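Visitor: I would like to know how the labels on a structure are justified. Please take me through a few of them.

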Amino acid sequence: MTPATTNHLDLTPPPVVKVISRRSLVVGIVFGVIAVVGAFLFPNGREQFYRAYLLGFMAWLGVALGSMAILMIRHLTGGGWGTLIRRILGAAMRTLPLLAILFIPMIIAVWQHRIYPWAMALDSVSDEHIREHLAKNTFITQSYLNFRGFLIRAVIYFAIWNLLSFLLSKWSKQTDRLDAPDNSQRFKAVAGPGLILYGFTITFAAIDWVMSLDPSWISTIFGLIILIGEVLSAMCFAVVVERILYNYKPMSELLRPDFVHDHGKWMLTFIMVWAYFSFSQWLIIWAGNLPNEITFYLKRLSGGWGAIGLVLILFHFCVPFAILLSRPFKRDIRKLVWLAIWLMLMRYLDLFWIIEPNFSTTLSLTWADVVVPIAIGGLWLAYFFYNLSTLPLVPAYDPDAHEVLEPAHK
């Protein structure tokens with residue numbers, strides 16, 4: 001890539017990025033204050049706070065980790081579709097240090113013996129089935145599900161994720177210089193093992209942080225369901241951000257219909273894989289017909305929770321799948337963005353359906369389920385848009401940058 005290729009095109013992020021960052025920070029602080037005050041003032045406020053915190057944390061962590069996964073896929077496969085959103089994905093990935101700090105309330109929840117049955121005294125566990133399971137399987141809490149193990153494994157997960165983020169970010173920043181080295185092989189050397197590490201770590205993290213809410217239930221595919229939900233939400237988030245930037249240069253000059261089409265195809269792919277994994281889990285459990293495996297669905301098919309499951313089938317898969325079959329729709333960023341926003345809402349609903357039935361036999365939405373995720377999201381978005389503002393929107397001197405930049409000069 002020569003200087004002449006990018007001389008007339010300013011790749012600096014538009015000023016609106018910093019404006020959104022400041023406004024997001026205000027939203028995060030305001031809702032954060034409301035969440036903390038509500039935790040102390042409302043009846044059962046702390047329990048509701050921690051449950052909602054887990055929900056919000058998993059939702060925004062998914063965007064960051066999913067972005068890292070898609071970025072590594074891009075480094076392995078190439079393509080202009082990924083070059084254009086590399087800096088969006090990278091900015092989301094670099095929020096992992098903030099998410100490591102935001103994980104502290106979850107550590108406090110375990111330390112205070114809240115929400116997780118294995119962290120509580122047996123006589124305080126309300127679910128009789130779980131209480132009996134823990135009483136019969138004391139080795140679980142002694143060898144794996146305990147505060148020390150929970151903390152050590154969390155440190156390992158975040159250490160691995162942040163190391164991958166550091167390496168990918170460090171080499172990416174070098175491609176903004178005229179004398180940029182060709183880091184393609186370095187990216188591939190990290191991305192291949194990195195995707196494997198991501199798969200393993202998010203699987204175990206999903207077991208520790210979500211599946212252990214019901215220690216009596218097991219699913220070998222649960223981690224993959226969480227994983228595919230993360231990459232889907234990350235791709236949807238990238239579409240939303242590129243739509244915001246499309247109103248300004250340089251994105252207005254760089255975003256072509258074929259790139260948007262590729263992003264829509266990735267969304268369609270992830271939706272189908274999510275549906276496949278979700279159905280496979282149900283099919284395996286149904287075929288096994290074992291009492292200790294069906295508790296997950298028994299809780300989620302009664303008390304109004306079944307309606308949420310039906311909504312997910314229809315509006316997380318069937319309707320988006322049908323819409324994304326349209327080629328013109330996938331090539332129009334103004335239309336695709338609305339489906340991307342909808343799917344991010346469905347991702348929240350999916351996590352809500354996975355997490356909340358562990359605490360309530362009937363469908364219920366508390367104040368915390370709305371306030372706390374918004375508070376976390378405000379802080380996360382503030383840091384994301386700050387990250388996005390610090391680097392050019394396209395790595396101009398990357399060997400693959402011509403796939404995005406050259407058509408802009410025709």
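**Surface patch and cysteines**

Guide: Leu310, Ile313, Leu314, Phe315, Val319, Trp338, Ile341, Trp342 and Leu345 make up a nonpolar surface patch, and together they have about 850 Å² of accessible area. Helix H15 (305-324) and helix H17 (333-355) are the elements that give two or more residues to this patch, and H15 has the largest share, five residues. This is a predicted model, in which local features need pLDDT of at least 70 and side-chain atom pairs count only at pLDDT 80 or more, while totals for chains, interfaces and linings use all residues. Residues are numbered from 1 along each chain as its sequence is written, and side-chain values use heavy atoms, with hydrogens and water left out.

Visitor: Why is Trp338 called exposed?

Guide: Trp338 lies in helix H17. Exposed means over 50% relative accessible area, buried under 20%, and partly exposed in between (1.4 Å probe, protein chains only). Trp338 has 61%, so the word is exposed.

Visitor: What makes Cys236 buried or exposed?

Guide: The relative accessible area of Cys236 is 0%, which is under 20%, so Cys236 is buried.

Visitor: How do you know whether Cys236 is in a disulfide?

Guide: A disulfide is a pair of cysteine sulfur atoms within 2.5 Å. For Cys236 the nearest cysteine sulfur, that of Cys318, is 16 Å away, so Cys236 is in no disulfide. Cys318 is in no disulfide either. A search of the whole structure finds zero disulfides.

Visitor: Why does Cys318 count as partly exposed?

Guide: Its relative accessibility is 33%, between the two cut-offs, so Cys318 is partly exposed.

How values were computed:
Patch = residues over 30% accessible without salt bridge, like charges linked within 9 Å, V, L, I, M, F, W, Y side chains within 5 Å. Areas by Shrake-Rupley, 256 points an atom, 1.4 Å probe, with all protein chains shown as cover. Salt bridge = Lys/Arg side-chain N within 4 Å of Asp/Glu carboxyl O. Helix = DSSP H or I, 4+ residues; strand = E, 2+ residues; numbered from the N terminus.
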